[in-house]
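Morning, everyone. Let's look at one structure together. Please have it open on your screens.

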Amino acid sequence: MTHDAASPPYLQVDDLRVRFSTADGEVRAVDGVSFGLHRGRTLGIVGESGSGKSVTSLAVMGLHDPARTKISGAIKLGGRELVGLSDGEMRKLRGRDVAMIFQDPLSALHPFYTVGRQLVEAYRTHHSDASKAQAKQRALDMLDRVGIPQPDRRFGQYPHEFSGGMRQRVMIAMSLMNDPALLIADEPTTALDVTVQAQILDLLADLQREFHSAIILITHDLGVVSQVADEVLVMYGGRAVEHGTVAQVMRGPQHPYTWGLLASIPSLHGDPEVDLKPIKGNPPSLINVPAGCAFHPRCAYAMKPEPCAGQVPQLLAVQADGHRVACHLPEQQRIDTYTDEIAHVGVAQ
Ligand code: SF4
């Protein structure tokens, strides 16, 4: 997808840190994450649950409980700093400049109101001068645009009268009502079967071409990212561990955690019992993140105790332009290891 790389990114996140206090201790959910995203581009943020990927997107949306959450760093949207904005100021931006598509539309849509009423309200929140008729026309246009047949009839129906895939289309229509420049989709296809999942991903790609929005796609599935994203940010234990274009990360991944994610993508053609290789062990508790590289207890290549169990590896540029990796292994060793041991059994080619 084209974008003007010389212009500043529409979204620029710098050294984002998000912490929550809980009864068990402080959760260090995001720990120093930075990335930029231009309009017309899709960034996939990938990781297991507890990696910090959803918390990163909630910080961009300003959806944290301010009483329990400490956020530091910078989140610039269209040049405007979001960290420190009041809830009222964030509410004005949400829906208009940045909108979110949730994994479960049933919990995001109100069960007691018709889909049409919810779409109209979403529009009029940011267009107070629009008449009801104008808002309704916009809602019908968007329902049509996201591929819902007979929008006139569907307008008056309730969320439970839609199938899972159609509800997700309604959610997408809702998110686009105000033509936001940034769309955040959090596991938008996880609850859907493979065929509907592909249709929704195609729809998002089409809409992005039409609306030229920036999209952040949050997912645990690198296979989904490879279908629609331009760039990938892999997160683990609240930190970014690999960042690059889809081609760089899918064809020449350099982080052992990314290798694990790639090996756990279900193969379309193989026996999942045989082909799937889940990453051994569990993601770390974000209250008690392992010292050094957070992945070291699960990493087959860890050099212990030093440096892997003692020093946090920095996200550093590698030879390929724009590709960055946080791993203590020397770059050539990572390339050789991937080529010799991983690529031929991997499923990402
Ligand atoms: Fe493995 Fe060490 Fe690299 Fe972490 S820094 S991924 S533990 S080799």
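In β2, which residue is the bridge partner of V18? Keep that in mind for a moment. One caution: this is a predicted model.

Back to the question. The partner of V18 is V30. Where does that pair sit? Strand β1, residues 11-22, runs antiparallel to β2, and the two share 10 bridges.

Now zoom out. β1 and β2 belong to an open sheet of 4 strands. Read across, the order is β2-β1-β4-β5, and the pairing is antiparallel. The edges are β2, at 25-37, and β5, at 80-81. Each of these edge strands pairs on one side only.

A helix packs on this sheet: α1, residues 53-61. Helix α1 touches β1, β2 and β4, the last at 69-77. Its direction makes about 105° with that of β1.

Next, the other sheet. Here 8 strands form an open sheet, with mixed pairing. The order is β6-β7-β8-β3-β9-β10-β12-β11. Look at the ends: β6 (98-101) and β11 (316-317) each have a single partner strand, so one side of each has no neighbour in the sheet.

Move inward. Strand β10, residues 239-245, pairs with β12, residues 324-325, in the antiparallel sense over 2 bridges. H243 has R324 as its bridge partner in β12.

Helices pack on this sheet too. α7, residues 164-176, touches β6 and β7 (182-186). The direction of α7 makes about 175° with that of β6. Then comes α8, residues 194-211. Helix α8 touches β3 (42-46), β6, β7 and β8 (214-219). Its angle with the direction of β8 is about 160°.

Notes:
Residues numbered from 1 in each chain as written. Predicted model: local features only at pLDDT ≥ 70, side-chain atom pairs only at ≥ 80, totals over all residues. Heavy atoms only, no water. Pairing = 2+ DSSP bridges. Contact = heavy atoms within 4.5 Å. Axes fitted to C-alpha atoms, helices over the stretch in contact; angles between N-to-C directions.
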